[in-house]
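Let's go looking for empty space in a protein. Which residues and helices surround the gaps?

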Amino acid sequence: MSFEPNSAANPSTAPASAMPKQIKYIIANEGCERFSFYGMRNILTSFLITSLFLSMPESLRAGMAKEVFHTFVIGVYFFPLLGGWLADRYLGKYHTVLWLSLVYCAGHACLAIFENNRNGFFTGLFLIALGSGGIKPLVASFVGDQFNQANKHLARKVFDSFYWIINFGSFFASLLMPIFLRQYGAAVAFGIPGVLMLMATIIFWLGRKNYVMIAPQSENPDSFSKVVKSALLIGEQGQSRLGLRLAQLGVLFGLACLLLVGQIGVVASLCLALVVVLGCGGLGAWLQLERARAVHSDAAVDGVRAVLRLLVVFALVTPFWSLFDQKASTWIVQADQMTKQDWFMSSQMQALNPLLVMLLIPFNNFVLYPMLERLGLEFNALRRMGCGIAFAGVAWIVIGLMQLVMDGGSALSVTWQVLPYALLTMGEVLVSTTGLEFAYSQAPLAMKGVIMSFWNLSTTIGNLWVLLANASVKNAALTAKIQNTGLSVTAFQMFFFACFALLAALVFAWYGRHYLIKDNYRQ
């Protein structure tokens, strides 16, 4: 039985030139939800350093705060897998978003109540990661569901507006929440985002009678997982089973990764195991995918091949997220060491990012992209994303040079961070706003929620690289080698991440030249 009150078989009858009236509920919901999320996220590192971890030695607080922050972000972008699966198979997007939003609200309540209790506070972080992560792929794909072939030309504008409202909420949250944290304490600073999340849930519920709702796909014999399973297990006489052997090897290596818990932590070892299993399993399925045609339709097999090719794009985006999310950890720690006015707090620098996004989205759409088209340059989605990764790499070269100046004993004003923020934000606009719509458009209809979950999983893996890098510099031998270069560990890591992103941008550009872009909006 479907839980959906409306059916995709009865889409909106509004003219193709008119914006679907239900979009306003989703956009308003997203604005409140993003304020709530960034309101707590952007003060998290500072709160951990200055309050929750005060009992720790001062030299260890920043490192531990960064580890907790990136572990939390890993959870936020891992749980989309659960949300996408629930929506696609059982509840549908609307009900999954509604119920997980209530979990999300409970998490905010825990942060406000247990400001001095680590276990209670970490429980709140877990519930927010579960709620926020679970709904993350669904709200974006739910936006896409409101459009069809007749009005899909409006979808890009909505996705851009969608991302604009995210940053509108983030801007005010980044600007105001540090003030509330300083003036009124953690209970109020974490409680206000909880109220906004409750408002977001109510707004989303109010639009329930207007939404186009696509019923979940249950027991699909041609699902992604079943086609992959068939490809790996079906044998052909006289043919090797290299793909199956590779997938099995991935499982063994994944189990071996779990033995690294003592060195890199539970979350990092689990995520590393997941990466190995997915990587080897995906490659193994690709090698034997044609065998699945014996029991599955050609459309299903071709759809899985398209998804596997898309996952390569997602994998190459992971270095970008490893750089981007450190603006809320590594860059804040650097800002704490820079000169600034007494009334200004390091966390407030993050307000620059959403402010610049709100300026750059219209600039790109109305000035940059049209200008490139007039010059005869095709700046398609993949080219924009590749350039965005490169911009992030350049931003980290700049932040690394600033660290060198500070390590040399010279004082720097926090205003110097404006330049790397501008570069990183241009990279974000090119990668994230583009990638959101690109991921939806490339996904086969039956796998919209799951493919959006994989898009979010790229952020989990990006933060995994951060945890692994931070764990590696705890090794005394490696630290000694870094010091022999004349660089501080912090500066070395900054230049390492810059090179990581620039190399990824080159590989992305090469892969993008051979990628066939699809159009998978519903009819």
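Here's a quick tour of two pockets in this structure. Keep in mind that you're looking at a predicted model. Rolling a probe the size of a water molecule over the atoms reveals where empty space remains.

**The largest pocket**

- Its volume comes to about 1,200 Å³.
- There are 44 residues lining this pocket, and Gly63, Lys66, Glu67, Val68 and Leu467 sit closest to the centre.
- Helices giving two or more residues to the lining include H2 (58-78), H4 (118-145), H10 (266-288), H14 (381-407), H16 (448-472) and H18 (489-512).
- The top contributor is H2, which hands over 13 residues.
- Sort the lining by class and you get 27 nonpolar, 14 polar and 3 charged residues.

**The second largest pocket**

- This one has a volume of about 770 Å³.
- Its lining is made of 28 residues, with Leu278, Gly279, Gly282, Leu308 and Leu311 nearest the centre.
- At least two lining residues come from each of these helices: H7 (224-233), H8 (242-257), H10, H11 (298-324) and H16.
- H10 provides the largest share here, with 9 residues.
- By class, the lining splits into 21 nonpolar, 6 polar and 1 charged.

**Helices to spot in both**

- Try finding H10 and H16: each gives two or more residues to the largest pocket's lining, and each supplies at least two to that of the second largest pocket.

Technical notes. Residues are numbered from 1 along each chain as its sequence is written. This is a predicted model: local features need pLDDT of at least 70, side-chain atom pairs count only at pLDDT 80 or more; totals for chains, interfaces and linings use all residues. Side-chain values use heavy atoms; hydrogens and water are left out. On a 1 Å grid over the protein atoms alone, a cavity is a set of points where a 1.4 Å probe fits but cannot get out, and a pocket is an open set with protein on both sides within 12 Å along at least five of seven lines; lining residues have an atom within 4 Å of a point. Grid points are joined across faces, edges and corners, and a volume is the space filled by probe spheres set on the points. Helices (H or I, at least four residues) and strands (E, at least two) are DSSP runs, numbered from the N terminus. Ala, Val, Leu, Ile, Met, Phe, Trp, Tyr, Cys and Pro count as nonpolar, Asp, Glu, Lys and Arg as charged, and the others, Gly among them, as polar.
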